[in-house]
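I opened this entry to look up how the helices pack and where a few residues sit. My notes follow in the order I took them.

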Amino acid sequence: MRFLAAAILFLIAVPARAEFDASLVERKVGEVAADVGGGRLGVGILDLKSGQDWYLAGDERFPMQSVFKAPLGVAVLRQVDRKKLGLDQTVTITRRDVAMGWSPIAKDMAGDRKSVAVRELVRGAVSLSDNTAADVLMRLIGGPAAVTAALMESDIAGLRVDRYERELQPELAGLPPYAPGVTIDPAEWKNAVAAVPEERKAAALQTYLSTDERDTATPKAAVAFLAKLDRGAMLSADMTAVMIRAMAESPTGAQRLKAGLPAGARLAHKTGTGPDVLGLNAATNDIGIVTLPGGAKFAIAVFLAGSALPEAQREAVHARVMAILAEAAR
């Protein structure tokens with residue numbers, strides 16, 4: 001009886017953590033949103049313990065860029081759970097599979113082909129944001145529609161994946177997509193982009209930022225995805241751990257959400273970055289699961305599209321939003 005009484009007194013004396021201060025978030029994020037270089041800012045915050053949430057432009061669609069590699073990773077690991085793929089299964093990558101842009105796997109390819117394990121492709125796509133790894137994985141599971149289908153199976157609406165990197169990036173630049181199996185020469189790609197007339201570039205960017213719903217996510221959908229990943233609703237415990245580890249070990253975005261973290265906080269995240277076109281940046285994004293020193297845990301998504309700010313200032317927007325959340329959660 002004495003033990004029970006002491007336990008009751010302890011519970012009374014130590015109340016549950018208060019919910020985060022949404023009014024502070026609204027006021028301070030509103031100040032941030034007022035100075036984003038003419039772009040659109042979308043923010044989603046979800047307390048993973050209490051369920052309290054807050055959004056800025058929560059139902060608006062934003063271009064994801066490489067943020068799509070997080071749901072891609074989940075779709076691949078779901079195939080591992082279902083025994084359709086193995087983490088140690090090897091995939092042969094040839095020069096014809098190489099995508100444009102950032103690709104450590106392609107850079108390390110000594111000859112015309114290379115065998116890579118599925119687990120390394122997942123790490124490449126999710127942790128390192130490797131474009132070739134992403135395209136190879138997407139093809140392996142049946143294309144972009146397979147990623148969107150996996151999301152729909154988990155009742156996540158408002159997030160869709162429609163194109164390979166070798167399709168999306170040329171279309172954003174005002175060029176036709178590369179067909180499967182066509183080798184992309186980096187120098188030719190760079191020259192082709194440079195040769196696109198300015199009016200075509202402007203039209204392609206405007207379409208990408210305003211009317212094209214392909215490869216987009218809403219802040220609400222992004223945090224819903226993160227929340228279901230965190231609680232193991234999309235993958236087995238083992239594959240959830242693989243996915244979270246890949247996101248936690250990512251070296252990208254050091255000046256985005258990471259830069260706003262208080263000491264002792266942890267972040268598992270995925271960034272996405274689009275090109276600068278005629279003085280406007282297509283997208284600067286970061287989504288993740290953050291655990292604060294006191295134990296509070298949040299899903300957070302920050303999307304910034306069409307901003308004229310230089311890169312350092314765009315990234316500082318993310319850091320400021322994270323710092324605001326940390327302050328509001330005290």
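**Thr148 and its surroundings**

I began with Thr148, which touches Leu159, Arg160 and Val161 once residues up to four places away in sequence are left out. I am working from a predicted model throughout. Thr148 belongs to helix H7, which covers residues 144-153. I also looked up Asp215, which is 67 residues from Thr148 along the chain. The C-alpha atoms of Thr148 and Asp215 are 9.6 Å apart.

**Confidence**

I checked how far the model can be read. The mean pLDDT of the chain is 94, and 95% of the residues reach 70 or more. Residues 1-16 are another matter, with pLDDT under 50 throughout. For residues 1-16 the model has zero contacts beyond four places in sequence. I noted no details from that stretch.

**Annotated span**

I looked up the UniProt record, an unreviewed entry, which places the feature "domain: Beta-lactamase class A catalytic" at residues 43-303. In the model, residues 43-303 are 39% helix and 19% strand. The C-alpha atoms at the two ends of this span lie 6 Å apart.

**H3 with H7**

Next I took helix pairs, each described by the angle between the axes and the distance between the axes. H7, the helix that holds Thr148, packs on H3 at an angle of about 80°. The axes of H3 and H7 are 9 Å apart. Angles of 65 to 115 degrees count as roughly perpendicular, so H3 and H7 are roughly perpendicular to each other. From H3, the contact uses Pro71, Leu72, Ala75 and Arg78. From H7, it uses Val147, Ala150, Leu151 and Glu153. I sorted the residues of this contact by class and noted six nonpolar, no polar and two charged.

**H3 with H6**

How do H3 and H6 pack, and at what angle? Helix H3 (residues 69-81) and helix H6 (residues 131-141) meet at about 40°, with 10 Å between their axes. H3 and H6 are therefore oblique to each other. Their crossing is left-handed. H3 contributes Lys69, Leu72, Ala75, Val76 and Gln79 to the contact, while H6 contributes Asn131, Ala134, Leu137, Met138 and Ile141. I noted seven nonpolar residues, two polar and one charged in the contact of H3 with H6. Leu72 and Ala75 of H3 appear in the contact with H6 and also in the contact with H7.

**Val242**

I then looked up Val242, which lies in helix H12 (residues 237-248). Which residues does Val242 contact, leaving aside neighbours within four places in sequence? I found Leu77 and Leu87. Val242 and Leu77 are 165 residues apart in sequence, yet their C-alpha atoms are 8.4 Å apart in space. Leu77 falls in the range of H3, residues 69-81.

**H2 with H13**

My last pair was helix H2 (residues 22-33) and helix H13 (residues 311-328). Their axes come within 10 Å and cross at roughly 165°. Angles over 145 degrees count as roughly antiparallel, so H2 and H13 are roughly antiparallel to each other. The crossing of H2 and H13 is right-handed. On the H2 side I listed Leu24, Val25, Lys28, Val29 and Val32. On the H13 side I listed Val317, Arg320, Ile324, Glu327 and Ala328. The contact of H2 with H13 has seven nonpolar residues, no polar ones and three charged.

Note on methods. Residues are numbered from 1 along each chain as its sequence is written. This is a predicted model: local features need pLDDT of at least 70, side-chain atom pairs count only at pLDDT 80 or more; totals for chains, interfaces and linings use all residues. Side-chain values use heavy atoms; hydrogens and water are left out. UniProt positions are given in the numbering used here, feature names are shortened, and annotations may be inferred rather than shown by experiment. Helices (H or I, at least four residues) and strands (E, at least two) are DSSP runs, numbered from the N terminus. Axes are lines fitted to C-alpha atoms, for helices over the stretch in contact, and angles run from 0 to 180 degrees between N-to-C directions. Angles under 35 degrees count as roughly parallel, over 145 as roughly antiparallel, 65 to 115 as roughly perpendicular and the rest as oblique. A crossing is left-handed if the near helix is turned anticlockwise from the far one by less than a right angle, and right-handed if clockwise. Contact means heavy atoms within 4.5 Å. Ala, Val, Leu, Ile, Met, Phe, Trp, Tyr, Cys and Pro count as nonpolar, Asp, Glu, Lys and Arg as charged, and the others, Gly among them, as polar. pLDDT is the predictor's confidence in each residue, from 0 to 100.
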